[in-house]
Amino acid sequence: MKLIAASAHSTGATDGKVIELANTEDPRALDLAGVTRIDLNFPKFTDGRAYSQAFLLRRRLGFTGELRATGDVLIDQLVQMERTGFDVAVLRANQNIDFAQRQFDRYRGFYQGDAVTVKPHFAREGDSIAAREGEAA
């Protein structure tokens, strides 16, 4: 996940269509044709509706462009943001980017699937359990 300091974030883009989606809006109502980036807002760190929007956009709507978390984004939220489909997070002004990057070093992998890696860990290993048991016999 790419991390951006609040001071370095700019709204809008010159090279494609960018949508800023309030967390009260339904992403299923969007026309995603030509959209390259969607900014999802966290007005408070305790308001998690943007997680649901990201998951819907990735898994159900098949959005492959950039999903950017904006607003009250804290270091503690980053791993869950990545797992629900966000590519970029704009950190709140008082958050340290170096400390934020360490979150990903702490949690390198997960057993269960998520919005980005749909299959659980055991299913990503290649063959099925039955095939492995057959090899052991």
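1. A term to start with: two strands are said to pair if DSSP finds at least two bridges between them. Helices (H or I, at least four residues) and strands (E, at least two) are themselves DSSP runs, numbered from the N terminus. With that in hand, the centrepiece here is an open sheet of 5 strands, in the order S1-S5-S4-S3-S2, with parallel pairing. Strand S1 (2–5) and strand S2 (17–21) stand at the edges with a single partner strand each, so one side of each has no neighbour in the sheet. From one strand to the next, the twist averages 20 degrees.

2. A word on what you are looking at. This is a predicted model, in which local features need pLDDT of at least 70 and side-chain atom pairs count only at pLDDT 80 or more, while totals for chains, interfaces and linings use all residues. Residues are numbered from 1 along each chain as its sequence is written, and side-chain values use heavy atoms, with hydrogens and water left out.

3. Now the overall plan. The protein has 5 helices and 5 strands, and along the sequence they follow the pattern β-β-β-α-β-α-β-α-α-α. Of the 137 residues, 35% are buried, where buried means under 20% relative accessible area, exposed over 50%, and partly exposed in between (1.4 Å probe, protein chains only). Contact means heavy atoms within 4.5 Å. Among contacts with a separation of 6 or more, 57% are between residues 24 or more positions apart.

4. On to the pairings, beginning with S2. This strand is joined to strand S3 (residues 35–42) by 5 bridges, and the two run parallel. If you want a residue pair to find on screen, Ile19 has Ile38 in S3 as its bridge partner. Strand S3 is mostly covered, with 6 of its 8 residues buried. S3 is also joined to S4, by 6 bridges and again in parallel; here Phe42 has Gly71 in S4 as its bridge partner. Between these two strands the chain passes through H1, and this β-α-β crossover from S3 to S4 is right-handed. Right-handed means that, with the strands pointing away from the viewer, the path from the first strand over the helix to the second runs clockwise.

5. Strand S5 (residues 88–91) is worth a look for its side chains: Val88 and Val90 point one way, Ala89 and Leu91 point the other way, and all are buried. S5 is joined to S1 by 4 bridges and to S4 by 2 bridges, running parallel in each case. Lys2 stands opposite Val88, and Arg68 has Val88 as its bridge partner as well. The chain gets from S4 to S5 through H2, in a β-α-β crossover that is right-handed.

6. What does helix H1 (residues 49–60) touch in the sheet? The helix packs on S2, S3 and S4, and its direction makes about 160 degrees with that of S3. For such angles, axes are lines fitted to C-alpha atoms, for helices over the stretch in contact, and angles run from 0 to 180 degrees between N-to-C directions. The buried residues of H1 are Ala50, Tyr51, Gln53, Ala54, Leu56, Leu57 and Arg58, and their cover includes S2, S3, S4 and H2. The length of H1 checks out too: at 1.5 Å a residue its 12 residues should span 16 Å, and its end C-alpha atoms are 16 Å apart, which agrees. The expected span is 1.5 Å times one less than the number of residues. After H1 comes Gly62, with a positive phi near 70 degrees.

7. Is Asp39 buried or exposed? At 3% relative accessibility, Asp39 counts as buried, and its place is in strand S3. Its side chain makes a polar contact with the side chain of Arg37 (2.8 Å). A polar contact is a pair of N or O atoms within 3.5 Å; within protein, one must be able to donate a hydrogen and the other to accept it, and residues adjacent in sequence count only if both atoms are side-chain atoms. Leaving aside neighbours within four places in sequence, Asp39 is in contact with His9, Val18, Ile19, Glu20, Leu21, Arg68 and Thr70.

8. Finally, Val73, which lies in the loop between strand S4 (66–71) and helix H2 (78–84). Despite its loop position, Val73 counts as buried, at 0% relative accessibility. Beyond residues up to four places away in sequence, Val73 touches Phe42, Leu78, Met81, Ala89, Val90, Leu91, Arg92 and Gln95.
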